[in-house]
Amino acid sequence: MTDVIDLPQGTDQPEAGPAGVAAKLAAVLGADVVLTGTDVARYCRDWHGDVETDAVAVLRPRSTQGVAQAVKAAAALGLSIVPQGGNTGLVLGATPDDPAGQVVLSLERMTAIRRLDADDFSAVVEAGAVLSEFKDKVAEAGLFFPLALGAQGSCRIGGNVSTNAGGINVLRYGMTRELVLGLEVVLPDGSIFDGLSALRKDNRGIDLKQLFIGAEGTLGIVTAVAVKLLPQPDKVATALLGLNALEDAIHLYRRARRDCCDLMSAFEFMPPLAFTLAQEAIADLPMPMAAGYPAYVLMEISGSGLVDVDDLMSRFLDGVMADGLVVDGVVAASQAQARNLWLFREGMNEGQAKRGRHLRTDVSVPLSRVPDFVREAEAAIHAALPDCTCVSYGHVGDGNVHLNVLPPAELSRQEADARIYQAKTVLNAVLDGFGGSISAEHGIGRLKKPDFEARLQPVRRQLLTSIKAAIDPQGIMNPGCQLNLAGVSG
């Protein structure tokens with residue numbers, strides 16, 4: 001049984017309007033917790049600025065108990081809640097869509113590292129901690145948290161958990177799910193699930209924390225996370241390699257897995273256009289090698305202690321170049337040079353954004369079929385939309401492809417949106433033929449919900465609906481995200 005929130009008189013009068021409701025929230029939670037008016041705007045637009053909405057208020061509690069109080073107060077006022085971390089998601093999962101009926105609940109004030117245990121190789125961190133700042137603190141202790149994303153300077157741990165974030169290190173360390181040992185979650189009725197155990201082995205029935213990882217805030221609000229840490233990989237070798245074909249990247253990956261084993265931490269493929277896009281976004285970015293090869297691979301191996309990764313990289317490249325799998329390449333001689341190589345991978349995304357509205361996809365297919373999928377999908381899109389440009393890149397080691405489509409810059413917004421919708425339809429049809437997934441790492445959110453629901457098998461839908469109804473029977477947690485759930489109010 002949860003505590004009852006004592007709201008000011010008149011709470012049952014809907015005619016009070018959003019401003020009146022916000023005032024009641026402030027009276028219960030404190031004026032410093034509740035943002036309204038123009039202060040709400042930055043929480044109500046998506047990462048790329050394509051969508052701008054509104055909300056009754058933004059709630060910014062400072063503690064888990066404060067989150068619980070905020071949830072109870074919002075529910076008592078008939079409001080639904082959109083949890084938000086760093087608001088860096090790409091599928092509108094943290095973007096409100098009911099300005100008069102929703103509040104955003106931001107975790108940005110909850111940033112503490114509650115515990116960091118070097119001997120246990122674990123930490124407990126609050127959900128609002130910025131990923132890069134947490135990683136820096138962990139590194140000061142000589143340890144390593146391997147989650148690595150382009151948005152790590154802005155994204156927050158709770159959002160990483162709620163979206164089961166991926167990133168460049170998945171092939172060695174797994175998705176966020178593999179790094180989570182325990183969770184603390186505020187449930188829709190305001191009760192608190194305390195599952196912050198850092199045990200590596202705990203087989204006491206159903207692993208409840210897994211329900212909330214990847215749920216995008218539809219079942220509760222993650223307020224703290226117990227995570228797995230590793231020894232700091234203080235030796236890193238980074239190489240950019242030119243190949244004759246994307247098919248060669250698959251053969252190269254197979255060799256790298258055999259020869260470098262689990263020391264390989266990243267294996268990314270990029271098209272020649274990546275260099276152009278990155279240089280459009282980052283002024284004076286120096287070219288590390290010729291940009292005339294059909295495909296490129298950015299590869300990294302890392303280790304610590306007695307491992308000599310430089311020698312391993314050298315011997316590996318000697319072998320694959322002798323066999324013709326790699327035509328050309330450059331190995332970073334310093335951390336600065338390695339950073340420069342990664343800037344091409346990261347800057348490519350900024351360059352696409354500078355070219356205007358475009359289709360951003362996050363799909364996965366069986367690893368062995370990545371080249372076939374890219375070839376067929378690009379051909380189908382080019383046939384349907386010959387004036388659009390395809391940019392395909394991604395994580396070879398986990399079959400994750402970002403096949404983006406850029407309409408001509410001179411099109412109107414309406415024309416560009418029509419091209420984007422048609423390109424998505426064409427791509428998804430090819431993807432279905434490969435038995436792939438429409439979301440490899442970004443989640444479903446609101447953006448991919450129609451495509452997700454159209455492909456949802458009846459039994460899986462029933463299971464998801466039953467879980468939602470059991471945990472959030474009033475449907476107040478992030479309604480409109482992931483699924484339209486029949487039988488759940490809200």
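In which sense do strand β2 and strand β4 pair, and over how many bridges? Strand β2 (residues 57–59) and strand β4 (residues 102–106) pair in the parallel sense over three bridges, where two strands are taken to pair if DSSP finds at least two bridges between them. The model is predicted, with local features requiring pLDDT of at least 70 and side-chain atom pairs counted only at pLDDT 80 or more, whereas totals for chains, interfaces and linings use all residues. Residues are numbered from 1 along each chain as its sequence is written, and side-chain values use heavy atoms, with hydrogens and water left out. Helices (H or I, at least four residues) and strands (E, at least two) are DSSP runs numbered from the N terminus.

Within the pairing of β2 with β4, L59 stands opposite L105 in β4. The open sheet to be described here is formed by four strands in the order β1-β2-β4-β3, with mixed pairing. Its edges are occupied by β1 (34–35) and β3 (80–84), each of which has a single partner strand, so one side of each is left without a neighbour in the sheet. In general, strands of a sheet pair through backbone hydrogen bonds, either parallel or antiparallel. The loop between β1 and β2 contains E52, which at 59% relative accessibility counts as exposed (buried means under 20% relative accessible area, exposed over 50%, and partly exposed in between, with a 1.4 Å probe and protein chains only). Leaving aside neighbours within four places in sequence, E52 is in contact with C44 and R45, contact meaning heavy atoms within 4.5 Å. The C-alpha atoms of E52 and R42, which are ten residues apart along the chain, are separated by 8.8 Å.

Strand β10 (residues 221–228) is mostly covered, seven of its eight residues being buried. Strand β10 pairs in the antiparallel sense with strand β6 (residues 122–126) over five bridges, and K228 in β10 is the bridge partner of S122. Strand β8 (residues 180–186) likewise pairs with β10 in the antiparallel sense, over six bridges, and V186 stands opposite I221 in β10. In the loop between α5 (170–173) and β8 lies T176, which counts as buried at 2% relative accessibility. With neighbours within four places in sequence left aside, the contacts of T176 are L147, N160, V161, N164 and A165.

A search of the whole structure finds eight aromatic pairs; rings of Phe, Tyr and Trp (its six-membered ring) pair if their centres lie within 6.5 Å, and planes under 30 degrees apart count as stacked, over 60 as edge-to-face and the rest as tilted. The rings of F134 and F145 have centres 5.4 Å apart and planes at 70°, so this pair is edge-to-face. Because F134 lies in helix α3 (residues 131–140) and F145 in the loop between β7 (143–144) and α4 (157–163), the pair ties together parts that are eleven residues apart in sequence. Both F134 and F145 are buried. An edge-to-face pair is also formed by F275 and Y296, with 4.7 Å from centre to centre and 70° between the planes. This pair links distant parts of the chain, with F275 in helix α7 (residues 273–281) and Y296 in strand β14 (residues 295–303), 21 residues apart. Both F275 and Y296 are buried, and ring pairs link F275, Y293, Y296 and F344 into a cluster.

The residue F344 of this cluster is among the buried residues of α9, which also include A338, N340, L341, W342 and R345. Helix α9 (residues 335–354) has 20 residues and reaches 28 Å from its first C-alpha to its last, close to the 28 Å expected at 1.5 Å a residue, the expected span being 1.5 Å times one less than the number of residues. A kink of about 35° in α9 is centred on E346, where the bend at a residue is the angle between axes fitted to the seven residues ending there and the seven starting there. Just after α9, G356 takes a positive phi of about 105°.

Helix α12 (residues 449–454) contains E453, which counts as buried at 18% relative accessibility. A polar atom of the E453 side chain lies 2.7 Å from the backbone nitrogen of N484. Neighbours within four places in sequence aside, E453 is in contact with R461, Q482, L483 and N484.

Key:
A polar contact is a pair of N or O atoms within 3.5 Å; within protein, one must be able to donate a hydrogen and the other to accept it, and residues adjacent in sequence count only if both atoms are side-chain atoms.
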